[in-house]
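This report reads through one protein model, beginning with a single side chain and widening to the helix and core that lie elsewhere in the fold. Please keep the sequence and the structure in view while reading.

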Amino acid sequence: MLSVNLLTGFGNAPTLAQSKKLSLEEACRQLRYDFLIKSACNIGSNIIALGHTEDDQTETILLNLIRGSGLNGLTGMKPLTLRHGRESENQIWLFRPLLDIKHSETIACCKENGLSPITDQSNTNTKFIRNRIRAHIIPELKKVNPSINQAFKKLSKSLELDRRFIEDTSRAIFEETTSVNANSISLDKGVLFHIDPALQNRILQMAFMKLTKSHSSISFYHLQKMKEVIKTTAACSITLPRGIVFCSSNQECILYRVATLPHEQQVLQNPSNLPIPGTLPYGQWIFTTSIEQDLKSVHNMDPSRCAVLDYDTVG
């Protein structure tokens, strides 16, 4: 017998799903990873070994394909992934040593060694989309191509080369053209406007993930909205998930956290000069100004977040 400590935990998936507007499946996934990362931190470990197999990889890629994922999703799970704890700055590595091993091989190995693996009963519940893929879609695909796992593995490795090139190129641009603060990230609007859309997407994702300290990238819908903001010449802003706002001025785009303090605590004590046009970070706020010749350009602005002043009167 192995002398191995067993750590257990509990979580309320329905409550998390409702509060974060997640599917029950995704809520369970978040609770599992949060528990594993917290446990690793508590025992002083920085590596978590996971049991995902070749079959799980095929399911993951197919699930991401159905959802309309980009390169990140279509490359599937990585053998080694860096994650950050939600409640600390600890860096945790997720290690997946079985990605080239079939699920049937793991079952055979257990049988040979007299082990009785425990099966999660929810794995057979077809109300979850992954289970429907496993039970219905993959068997049909195997009728077309019996080596479907190998086909998806080739797809993953091919796309990973493209993903890595775009990632490295985008990261170099990101590090050269952004200014990162605790509650905001400023990006050079001119650089963003002129680079390839694929690099635009990746840089915007990097900024969002860095500010939110999240491993989850932003949706295609929100990326498109952010790129529309980049194209505008007038100052404007949009609201993103996780309490983030993306705003644009003449020269820069800024992601910042929505103020969380009560209004009575958000008193601005020290006066500052407001550049016109320009952007001024002030406490938990960011003020963006522009000069507009035509009032039609301000009709789409949010009246709760903007003010229109007569330049001749105040200037």
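Which backbone oxygen lies 2.9 Å from a polar atom of the side chain of Arg-96? In this predicted model, that oxygen belongs to Lys-78.

**Arg-96 and its surroundings**

Arg-96 sits in the loop that runs between strand S3 (91–95) and helix H5 (103–112), and with a relative accessible area of 7% this arginine is buried. Besides the backbone oxygen of Lys-78, the side chain of Arg-96 has a polar partner in the side chain of Thr-81, at 3.1 Å. Setting aside residues within four places in sequence, the contacts of Arg-96 are Tyr-33, Leu-50, His-52, Met-77, Lys-78, Pro-79 and Thr-81. Pro-79 lies 17 residues away from Arg-96 along the chain, yet the two C-alpha atoms are separated by 4.7 Å.

Phe-95 belongs to strand S3 and, at 37% relative accessibility, counts as partly exposed. Residues up to four places away in sequence not counted, Phe-95 touches Ile-47, Ile-48, Ala-49, Leu-50, Pro-79 and Leu-80. From Phe-95 to Thr-81 the C-alpha distance is 6.8 Å, for a separation of 14 residues in sequence.

The side-chain polar contacts of Arg-96 and of Asn-149, a residue of helix H7, are set out below.

| Residue | Relative accessible area | Side-chain partner | Distance |
|---|---|---|---|
| Arg-96 | 7% | Thr-81 | 3.1 Å |
| Asn-149 | 9% | Thr-58 | 2.7 Å |

Asn-149 is also buried, and, with neighbours within four places in sequence left aside, this asparagine is in contact with Glu-54, Asp-55 and Thr-58.

**Helix H9**

Helix H9 covers residues 197–212, and its geometry can be checked by a simple calculation: at 1.5 Å a residue its 16 residues should span 22 Å, and the C-alpha atoms at its two ends are indeed 22 Å apart, so the expectation and the model agree. At the N-terminal end, Asp-196 acts as a cap, with a side-chain oxygen placed 2.8 Å from the backbone nitrogen of Ala-198. Just beyond the helix, Lys-213 takes a positive phi of about 55 degrees.

Is H9 largely enclosed or largely open to the outside? Because 12 of its 16 residues are buried, H9 is largely enclosed by the rest of the structure. The buried residues include nonpolar ones such as Leu-199, Ile-203 and Phe-208, but also Gln-200, Asn-201, Arg-202 and Gln-205. Of these, Gln-205 has a relative accessible area of 12%, which means that it counts as buried under a cut-off of 20%. Its contacts, apart from neighbours within four places in sequence, are Asn-72, Ser-217, Ile-218 and Leu-223.

**The largest nonpolar core**

In soluble globular proteins, nonpolar side chains tend to be buried together. Here the largest nonpolar core holds 25 residues, of which Leu-187, Leu-192, Met-226, Leu-240, Phe-246 and Leu-255 touch the most other members. Two or more residues each are given to this core by helix H7 (148–177), strand S5 (184–188), H9, helix H10 (220–231), S6, S7 and strand S8 (252–257). H9 contributes the largest share of this core, with seven residues.

Met-226 illustrates how several parts of the chain meet, being in contact with Leu-204, Ile-218, Ile-238, Leu-240, Phe-246 and Leu-255 when neighbours within four places are left aside. Arg-242 is found in the loop between strand S6 (236–240) and strand S7 (244–248); at 44% relative accessibility it counts as partly exposed, and its phi is near 60 degrees, a positive value in a residue other than glycine. Most residues other than glycine have a negative phi.

**The protein overall**

The secondary structure comes to 11 helices and 10 strands, and 33% of the 315 residues count as buried. Among contacts between residues at least 6 apart in sequence, 53% join residues at least 24 apart. The exposed area is about 20,700 Å², of which carbon and sulfur atoms supply 55%.

As for confidence, the average pLDDT is 85, and 87% of the residues score at least 70. Over residues 260–269, however, the pLDDT is below 50, and this stretch has nine contacts in the model beyond near neighbours in sequence.

Definitions and conventions: Residues are numbered from 1 along each chain as its sequence is written. This is a predicted model: local features need pLDDT of at least 70, side-chain atom pairs count only at pLDDT 80 or more; totals for chains, interfaces and linings use all residues. Side-chain values use heavy atoms; hydrogens and water are left out. Helices (H or I, at least four residues) and strands (E, at least two) are DSSP runs, numbered from the N terminus. The expected span of a helix is 1.5 Å times one less than its number of residues. Buried means under 20% relative accessible area, exposed over 50%, partly exposed in between (1.4 Å probe, protein chains only). A polar contact is a pair of N or O atoms within 3.5 Å; within protein, one must be able to donate a hydrogen and the other to accept it, and residues adjacent in sequence count only if both atoms are side-chain atoms. pLDDT is the predictor's confidence in each residue, from 0 to 100. Contact means heavy atoms within 4.5 Å. Accessible areas come from the Shrake-Rupley method with a 1.4 Å probe; for residues, only the protein chains shown count as cover. A nonpolar core is a set of buried Ala, Val, Leu, Ile, Met, Phe, Trp, Tyr and Cys residues joined through side-chain atoms within 4.5 Å.
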